[in-house]
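Trainee: I should like to go through the architecture of this protein with you. May we begin once the structure is displayed?

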Amino acid sequence: LLLLQYLLDSRSMKLSRTTLPVLVLLSLAFVPQQTHGQFFNAVRNLFSPVQNLFRPIMRGVNQLFGGARFQDNGTKSPQATGRDELFPSDCGRDPDKGTGKLCFPDGILCQERVTRGGVQRFGGHNYWFSWQDNDPSVRNAKWDWFNARNYCRKRCMDLVSFETQQEYDWVKGFINGNVPYFWTSGRLCDFDGCDRPDFFPKNINGWFWSANQARLSPTNSSSAFHDWSFTGGFRPPRRQPDNREQLQQGGDSESCLAVLNNFYGDNIKWHDVACHHEKPIICEDVEGHLAFARQTFPNIRIP
């Protein structure tokens, strides 16, 4: 089941509409139906590295429907190399195509994640703040949203998700004047498979935490936890999310969630941002990634 989760967990493969239903059936054949909190199981197959196990199946599917042969250019299998790259070369985003593959955890990097500078603990989880790292090249680095996820995933982590006010308030304690913004795992469900009626309108009901597939509260809720800003760069100003870059500038959709530090005189607040922008990051332990790595690399002690 842990391996299947990795076979069905990426956000970048562009699949034809003919292959999509078959992939959904494949995922549902192996993944048990969950409650509302696990709503994303049905489309999880859109998002992850597909190993050799599924390659013969997918070749048959594509040939059956007359499509092109499916190719996976991501990580071929879980590895424990300890290769520590800011932008992983064996998986990640292709800047020319805007697509890519999510990374498997690296057993050694998962083991070493707790010993580096910038690691803090809260609620039994490790959090890594990139701007606190001991290495200046890392401390000053910025990632686009997709490569940021892969940098975290290599370490059995993912971009930070804020499920509670307490967790969010704790993280804000590490945000100072030298940190203008950072990425979270928040993502707008605006790709194939996101056409369920309860996702609409997308700017209100279409947001989820990609690290755990949990849905965010409606963006217009006056009682549920969220911290969307009341303003932004739109002219005249609108509440977040405002999709300003696409609607007002003709650019990309603002489909990723960043925390901005008083960028618009609004204190520390959530903003929708186009995913290609580069920012510092916070990585957070993901129990599923850790369990997968411990099972895959039994000879490596992963705390």
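Mentor: A polar contact is a pair of N or O atoms within 3.5 Å; within protein, one must be able to donate a hydrogen and the other to accept it, and residues adjacent in sequence count only if both atoms are side-chain atoms. The model is predicted, so local features need pLDDT of at least 70 and side-chain atom pairs count only at pLDDT 80 or more, while totals for chains, interfaces and linings use all residues. Residues are numbered from 1 along each chain as its sequence is written, and side-chain values use heavy atoms, with hydrogens and water left out. Helices (H or I, at least four residues) and strands (E, at least two) are DSSP runs, numbered from the N terminus.

Trainee: At the start of H6, which backbone nitrogen does a side-chain oxygen of aspartate 144 reach?

Mentor: Helix H6 comprises residues 145–153. At its start, the side-chain oxygen of aspartate 144 comes to within 3.0 Å of the backbone nitrogen of phenylalanine 146.

Trainee: How many residues of H6 are buried?

Mentor: Buried means under 20% relative accessible area, exposed over 50% and partly exposed in between, with a 1.4 Å probe and protein chains only. The buried residues of H6 include the charged Arg149 and Arg153 as well as Trp145 and Tyr151. H6 is thus mostly covered, and the count is 9 of its 9 residues.

Trainee: Which strands stand at the edges of the open sheet of 4 strands?

Mentor: Two strands pair if DSSP finds at least two bridges between them. The order is E3-E4-E11-E5, with antiparallel pairing. One side of each edge strand is left without a neighbour in the sheet, because each has a single partner strand; these are E3 (119–122) and E5 (157–159).

Trainee: In E11, which residue is the bridge partner of tyrosine 127?

Mentor: Strand E4 (residues 125–129) is joined to E11 (residues 282–285) by 3 bridges, and E5 is likewise joined to E11 by 3 bridges. On the E5 side, methionine 157 has aspartate 285 as its partner. On the E4 side, phenylalanine 129 stands opposite isoleucine 282, and the partner of tyrosine 127 is glutamate 284.

Trainee: Which element gives the most to the largest nonpolar core?

Mentor: A nonpolar core is a set of buried Ala, Val, Leu, Ile, Met, Phe, Trp, Tyr and Cys residues joined through side-chain atoms within 4.5 Å. Of the 23 residues in the largest one, Phe129, Phe162, Phe182, Trp270 and Ile282 touch the most other members. Several elements each supply at least two residues, among them E4, strand E6 (181–188) and helix H7 (165–172). The element that gives the most, with 3 residues, is H7.

Trainee: How many residues form the other core?

Mentor: Tyr151, Leu159, Ala258 and Cys283 are among its members. This core lies apart from the largest one and has 18 residues.

Trainee: In the open sheet of 5 strands, which residue of E10 is the bridge partner of alanine 258?

Mentor: The order of this sheet is E8-E7-E6-E9-E10, with antiparallel pairing. E9 and E10 pair over 6 bridges. Among these strands, the E10 partner of alanine 258 is histidine 271.

Trainee: What angle does the direction of H7 make with that of E10?

Mentor: Contact means heavy atoms within 4.5 Å. Axes are lines fitted to C-alpha atoms, for helices over the stretch in contact, and angles run from 0 to 180 degrees between N-to-C directions. H7 packs on the sheet and touches E6, E9 and E10; the angle with E10 is about 100°.
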